[in-house]
Every structure is written in C-alpha cells, then in structure tokens.
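Visitor: I am new here. Please show me the structure, and let me ask how each label is earned.

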Amino acid sequence: MTAGSDQHPLWVAIVGSGPSGFYAAEGLLKSGRPVRVDMFERLPAPFGLVRHGVAPDHPKLKEPIRIYDRIAHVDEFRLLGNVTVGRDVSVEELRAAYHAVLFCCGAETDRRLGIPGEDLPGSHTATEFVGWYNAHPDYRDREFDLSQEVAVIIGQGNVAIDVCRILAKTVDELKHTDIAAHALECLAASRIREIHLIGRRGPAQAKFTTKEFRELGELADCDPVVDPADLELNPESLAELEDRAGSVARKNLDVLKGFASRPARPTRRRVFLRFLLSPVELRDDAQSGDGGRLSQVVLERNRLEGGPFRQTARATGERLTLKCGLLFRSIGYKGVAIPGVPFDPRQGVFPSRDGRIVDEAGAAIPGLYAAGWIKRGPTGIIGTNRADSMATVNSLLADLPILDTGPKPGAEGLAGLGPGQGPRVVSYADWLVIDGAEVQRGASKGKPREKFTRVAEMLRLLDRPLPREPTEL
Amino acid sequence: MPTIVTGNCERCRFTDCVTVCPVACFHADDQMLYIDNNVCIDCGACIPTCPVQAIYEEADLPNELRVWIAINAERAPNLPSITEKEEPLPGAEARKADLGF
C-alpha cells in the first residue's frame, strides 16, 4: 500500500520552521492526500528568519506569519519546538519514524573573509548583530562596542543594508518596533557617526533591492554620501544598464545619483556608500593603547574585468586604510551540517537534485529532501522560498511509490521525546502562550511585542499551574 | 506603496507570480490577475517572475498604466484568491510575442 492513502497517511518530518518549512507544510497539507506533518524547531519560537532575520523596522515583511499561523492551525500539522535534530533526535530516528524527512534548516552561519585580523575584538558577523537586535537567544549576550565613531560593513546585500539602517537610525525611529529591549538600550548610547558600506564591485552590480536602498535616503538624522566618481561607469556596466535584465541596476543608479546630487544636511550620522573595494587586512593599533582591538581596515581598490553581466572584481594593488573600531561582515551565509545528512562544505548546502538529497555518488537518498537556503544557498527573498518548497514537495509526492515502507508512528515513535525524557517539547498551542505574553509585554511600551530573549524565560511560561480563582480583569 | 498588475496580464494569465507570493494576495477572474494591496507586503517577489512584465511597484508605474491602481483595488477583494499556478490562457504565447517578450 502506498503511503498517502486513507488508512495509511504519509508522515513527513520538516526540520526548521522558517518560511521554507512552512511553505513546504502548506504544499503537503494542500496535496489532497492524507498527510501528517511534524515540524521540528530547535527554539521554542517558530518562524525562523521572519522572526529573527527580518529587520524590526520592516513590520510588513513579517506579515507572512499570518499565513504560517493559518497553516499551523491545520489539524494534521504539529510543531515540535525546542527540539534540536542531530542532538535530541537523530536523523536516523526521524527516518525510521517518518516516510520522509524534509530539511528546511536555512543557512545559519556566515562566510568568512579569510583575511588577517578577522577575529580581532570589534570585528563581527552580520548574523550576530542581526540575531542580537532581533532577540535571538543564541546572540543575547553578544557585545558590540557602540562607543566607536566609525563602523564598517563589508558587503552590500540586503542584510548589510539592514545592519547599516539599524546603526543609522535614531532611538525614536526604532522604539515602537519589536527590536529587543537590550539592543535598543545599547543603540540609544551609540556614538557611531560614520558608517561605511563597502562593495567589492561597482554600483551597477550591487545586490540590494531598490526599495531598501531608497530608505537610506529617508532617515531622520543620517544622510547617505556617494562619491560622484564612483558613478562614472565602464562601458560593460553601461551595457548592463541598457539591457532588459538591468532594470534593478538602473533604478539603483538613479537612487545613487539622487544621493550624490542632493544638498547635505547637518545630520549626526552619515552613511558612505563605497564601491570597488575589498578588505585585505584588519589591524589593531598597539600604539594607541588599543592593542588587540580593531582600529583600522586596509582596503584594496578593485577594477572590473569581463563582459557585461560576467564582470568580476580584480585587485589593482592600490591600497587605502580606513580607521574604524567596529566592523561587520555580510558577504554571504552557509548552512550547518547535521549528522546523518550529506553536506557540501564549500557551498554550505545539503547537496540535492530537484529537492532530493543526494549522496557522494550523486544518487538520491530515499526519503531525504531539502528546500530553501539549505537546498539552493542564501538567495532570494521570503516568497522565493514558496516556489522552491513547492518544487521539493512535488518531488516528494512523485516519489510516493518508492517511499512505501509501511505505516509510520511519527513523533510518537521517537524514544528521545517520550514522557519524562529529553527537552520540553513546545507545541503550537504552547507557542501561542509565549506569543501572547510577548505581545502583552510590548503593549505598555507601544511596541508590537517585546520578545523573550532566553529559552528558559519562554519555557517558564508553560506548564504553570492554573490560578485557583479566576483572575479579575 | 502598492504593487499593481497591469494590462499585459490580460489574455495571458501566466500565473507564475502566485507561486512566489508569501502572503497569498493574488486574486483572479478568467481574464487576468489582481493584487489585493490590503494584504500585499510590497516584497516585490512577483515582479521578476512575470513573463510579460505586467507587475509594477507604484513608484515605477508608467503614467498611462496608473489607471490599473484603481482597477486592482476595486476588483481584487471581490474575486477568488489564487495561490497555485494554472495553465496560461490559450494564445498566451502568441500574445507574449506580440508584446515583445
């Protein structure tokens, strides 16, 4: 009998509760077959990068949570939060308890620059900072020295711009968002005056979306600064702009030209958008008594080589230094390996074909699938993951004849999660308790929510005995 | 800032856009699709997926297409939601070629 028939539902474990996980659940639950979905999440709070990645001042981009909430309320769906796959439950156990395991665990770590001084105090990853201001428990206790006056951000993707904007905004611009209280407090004392956003290639090749870019020109007390010389493009870049595929670059250039030509305001902070530069070394300054702390970055000027849309940055040998006490790298993300699943350390993904995870010989491993960033790498925006997850679900459903291995127990078959054992599993109903408490905490401050930043704080809200008397409202 | 489906969708209805919408804001009649801007989050994921470039952010909307802002606003809430890709209309490929794509 094939899994997915009436008496014999298809049991699928989804690992990860971000956008790709929820869109995969949507695809499975709408497949018209009897399906049971158990979604595993290592934190007590679901929604992955929509909760812990999207910037607090972009509340609209968190709206997909409404869709995920609807999916989570389907009877055939269960959340198993606060469960780490690979630690509390092995992949082998999941494979025994489910017909298929679908990994949607994202890209949790940063790519490295690979230059001397990268690990000096004062040099950080964008991931740490984003996790810190978004109340991710892993980054709760990170410290960032905001008494510095100059911050450098390496990279020009949307995460780099988010980091830049959070550093650039005033407290008034942030205090009614869901930014973590501890971050808001530190940012209120920030002495940052200059933020340099460093791009390897030219303005025509920058990866940010025009909308995010325009926002840098709309800040209360921070002006963007562009060197007009950077806007003189080579013929290949001009050809890119004229091409139909160059519409985003064209719009970005228009925004940059606007920044370059507008009169400067006497703002407290400035953002310098800088191009054709790569960091080659981070230095401390032993003489200033700051020995062992980041005090400057050495940059090398690049030129572009190659035809339109294939231009790469080549070092010219010309170097310049920039004093800075704080640096964030935001040059891409990589997935993290889970024991029991093939991993490509170079790309930072689970190797796959059409969403089917493949072994070293390139053969599909029955029952293992991937979707989202762990499948295709860290590209695209939230919605990109919906089509991506649907494609993987279609592969999974096409494989039903070969997944027929009898009835499966689902989470009830996982010994490590049995009664009195392992972590306190957080259900979706449990999460709604935490969610309600966060919203309540935020209300008095005029914030949409005040997130809990510690796993223990969240778990303490659960399993509390009911009050003996109904509480007066 | 609203995101708008314009006339190029008419008689094409390729529906690639709906597969990347994170909030299910597309609605459809049998001729074309419309965006419900009370739901749309302006992420722009749909814009590059349209084979006939029918979708615009309002800021990029050419003047002669601004009439579609009101049409989307009026029709989307009264039509069924569409979240899965459907077959394009018969003749969609020919119309796409006519439109220069």
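The talk below takes a few labels in turn and sets values against cut-offs.

Guide: First, a caution: this is a predicted model.

Visitor: Why is helix 1 of chain A called oblique to helix 13 of chain A?

Guide: Helix 1 (residues 19-29) of chain A packs on helix 13 of chain A at an angle of about 50°. Angles under 35 degrees count as roughly parallel, and 65 to 115 as roughly perpendicular. The angle of about 50° fits neither class, so helix 1 of chain A is oblique to helix 13 of chain A. The two axes are 8 Å apart. The crossing of helix 1 of chain A with helix 13 of chain A is right-handed.

Visitor: Which residues of helix 1 of chain A and helix 13 of chain A meet?

Guide: From helix 1 of chain A come P19(A), S20(A), Y23(A), A24(A), G27(A) and L28(A). Helix 13 of chain A answers with N385(A), R386(A), D388(A), S389(A), M390(A), T392(A) and V393(A). By class, this contact has six nonpolar, five polar and two charged residues.

Visitor: What makes helix 5 of chain A oblique to helix 6 of chain A?

Guide: The test is again the angle. Helix 5 (residues 126-133) of chain A and helix 6 of chain A pack at about 55°, with axes 10 Å apart. Roughly parallel needs under 35 degrees, and roughly perpendicular needs 65 to 115. The value of about 55° falls outside both, so helix 5 of chain A counts as oblique to helix 6 of chain A. Helix 5 of chain A passes helix 6 of chain A in a left-handed crossing.

Visitor: Which residues of helix 5 of chain A meet helix 6 of chain A?

Guide: A126(A), F129(A), V130(A) and Y133(A) do. Their partners in helix 6 of chain A are V159(A), A160(A), D162(A), V163(A) and I166(A). This contact holds eight nonpolar residues, no polar ones and one charged.

Visitor: How do you know that A135(A) is buried?

Guide: Count C-beta atoms. A135(A) has 25 others within 10 Å. Buried takes 20 or more, so A135(A) qualifies. A135(A) sits in the loop between helix 5 and strand 7 (150-154) of chain A. Its phi is near 70°, a positive value in a residue other than glycine. Most residues other than glycine have a negative phi.

Visitor: What makes T15(B) buried?

Guide: T15(B) has 23 other C-beta atoms within 10 Å. With the cut-off at 20 or more, T15(B) is therefore buried. T15(B) lies in the loop between strand 1 (3-5) and strand 2 (26-28) of chain B. T15(B) also has a positive phi, about 65°, and is not a glycine.

Visitor: Why is V336(A) called partly exposed?

Guide: V336(A) has 13 C-beta neighbours inside 10 Å. Buried needs 20 or more, and exposed needs 12 or fewer. The count of 13 lies in between, so V336(A) is partly exposed. V336(A) is in the loop between strand 15 (333-334) and strand 16 (352-353) of chain A. Leaving aside neighbours within four places in sequence, V336(A) is in contact with E108(A) and T109(A). The C-alpha atoms of V336(A) and C105(A) are separated by 8.5 Å, with their positions 231 residues apart along the chain.

Visitor: How many residues does each chain give to the contact of chain A with chain B?

Guide: Chain A gives 15 residues and chain B gives 11. On the side of chain A, helix 13 gives the most, with four residues.

Terms used: Residues are numbered from 1 along each chain as its sequence is written. Chains are lettered from A and ligands numbered from 1 in the order in which they are written. This is a predicted model: local features need pLDDT of at least 70, side-chain atom pairs count only at pLDDT 80 or more; totals for chains, interfaces and linings use all residues. Two residues are in contact if their C-beta atoms, placed from the backbone, lie within 7 Å. Helices (H or I, at least four residues) and strands (E, at least two) are DSSP runs, numbered from the N terminus. Axes are lines fitted to C-alpha atoms, for helices over the stretch in contact, and angles run from 0 to 180 degrees between N-to-C directions. Angles under 35 degrees count as roughly parallel, over 145 as roughly antiparallel, 65 to 115 as roughly perpendicular and the rest as oblique. A crossing is left-handed if the near helix is turned anticlockwise from the far one by less than a right angle, and right-handed if clockwise. Ala, Val, Leu, Ile, Met, Phe, Trp, Tyr, Cys and Pro count as nonpolar, Asp, Glu, Lys and Arg as charged, and the others, Gly among them, as polar.
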